[in-house]
Amino acid sequence: MATSMRRALRVLEVVGTAGDGVTAKAIARRLGCPLPTVYRALAVLVEEGYLVRLDDVRGYGIGYRIAELQRSLVDALRPPAAVVAAMHDLHVQAAAAAYLAVFRDRDVVVAHADACAEHPLPPDVRVGEPVAPHAAAAGKVLLASVRPARVGELLGPAGMVRLAPHTAPDRRALDRDLMRVRLEGVAVEVEELAPGVAGVAAPLHGPDGEVTGALGVSVSRTEFGARRWELERHVRAAADRAGERPAAHTADRR
């Protein structure tokens, strides 16, 4: 059963990566599996709604059940209305993309965002998905809120992947940065998460003073150089306003 489940998940991943129209033969080649085995997995995934059979292109595509699950995740992460309103005001007043990051077990996840075509989020910042905590300003705020011994665990198996020209190169550099975050109450990123991107984030505090999330804005590096202190002022004010009510998730700080 476990082997069949893993094989079905690998089939699902191949279809998701390849896009609409991938054939059973192509899936079998990519996975190195016998074609009858792939057909059995495809039949179950289509029956359950995770894949669809596309007759016009004689292949398979991602099913609508996947979209339902994604919507369920986004709904579960969505913060209270007051936080959503504060984020919208931040987006408008700061003229920058705004996002909220929270802990979800050991991951730092984007729980909500307020952006537009003129002020977009960085390419790898998506609602409902993890963000690299060592590189994103909001992620560093959350890492700074836990005991130092927990930081390594929260970085996960991937560790400190280099994502941009100024991503922290090692744990020592990250620890120095987190110390600054604890002292100053805000985190800054400049070409650490993505090339040409910069931002600032501040913590949201719950009723007992615990950090329940991190509110950040993202702009181009050039714009950040000219507006750094203005953006920080907007972010601090929005975090103070939104933090009057706890965000959806908190971290295990033990």
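**A colleague's note on the fold and on Asp-114**

1. Let's start with a packing feature: helix H9, residues 221-242, lies across three strands, namely E5, E6 (197-205) and E7 (211-220). Relative to E6, helix H9 runs at about 15°. Please keep in mind throughout that this is a predicted model.

2. Those three strands belong to an open sheet of 5 strands, ordered E4-E3-E7-E6-E5 and paired in the antiparallel sense. Its edges are formed by strand E4 (107-114) and strand E5 (187-190), each of which pairs on one side only. From one strand to the next, the twist averages 25°. As a general reminder, the strands of a sheet pair through backbone hydrogen bonds, in either a parallel or an antiparallel arrangement.

3. At the E4 end of the order, strand E3 (residues 97-104) and E4 are joined over 7 bridges, in the antiparallel sense. One pairing to look up in your viewer is Ala-98, whose bridge partner in E4 is Asp-114.

4. Asp-114 deserves a closer look. This residue sits in strand E4, and it is buried yet has no salt bridge. Where is the nearest side chain of opposite charge? It belongs to Arg-78, 8.1 Å away; a salt bridge would need a Lys or Arg side-chain nitrogen within 4 Å of a carboxyl oxygen.

5. Which side chain does Asp-114 meet in a polar contact? The partner is His-88, and the contact is 3.2 Å. Note that His is not counted as a charged residue here, so this pair does not enter as a salt bridge under the definition used, which takes its nitrogen from Lys or Arg.

6. The wider surroundings of Asp-114, leaving aside neighbours within four places in sequence, comprise contacts with Met-87, His-88, His-91, Ala-96, Ala-97 and Ala-98. His-88 is thus in this list as well as being the polar partner, and Ala-98 is in the list as well as being the bridge partner.

7. In strand E3 you will also find Val-102. Is Val-102 buried or exposed? It is buried, because its relative accessible area is 1%, and the cut-off for buried is under 20%. Its C-alpha atom is separated by 12 Å from that of Ala-202, although the two residues are 100 apart along the chain.

8. Finally, the whole chain. It has 9 helices and 7 strands, and its C-alpha trace spans about 60 × 35 × 35 Å along the principal axes. Of the 254 residues, 46% are buried. Among contacts with a separation of 6 or more, 58% come from residues 24 or more positions apart.

Terms used: Residues are numbered from 1 along each chain as its sequence is written. This is a predicted model: local features need pLDDT of at least 70, side-chain atom pairs count only at pLDDT 80 or more; totals for chains, interfaces and linings use all residues. Side-chain values use heavy atoms; hydrogens and water are left out. Two strands pair if DSSP finds at least two bridges between them. Helices (H or I, at least four residues) and strands (E, at least two) are DSSP runs, numbered from the N terminus. Axes are lines fitted to C-alpha atoms, for helices over the stretch in contact, and angles run from 0 to 180 degrees between N-to-C directions. Contact means heavy atoms within 4.5 Å. Buried means under 20% relative accessible area, exposed over 50%, partly exposed in between (1.4 Å probe, protein chains only). A polar contact is a pair of N or O atoms within 3.5 Å; within protein, one must be able to donate a hydrogen and the other to accept it, and residues adjacent in sequence count only if both atoms are side-chain atoms.
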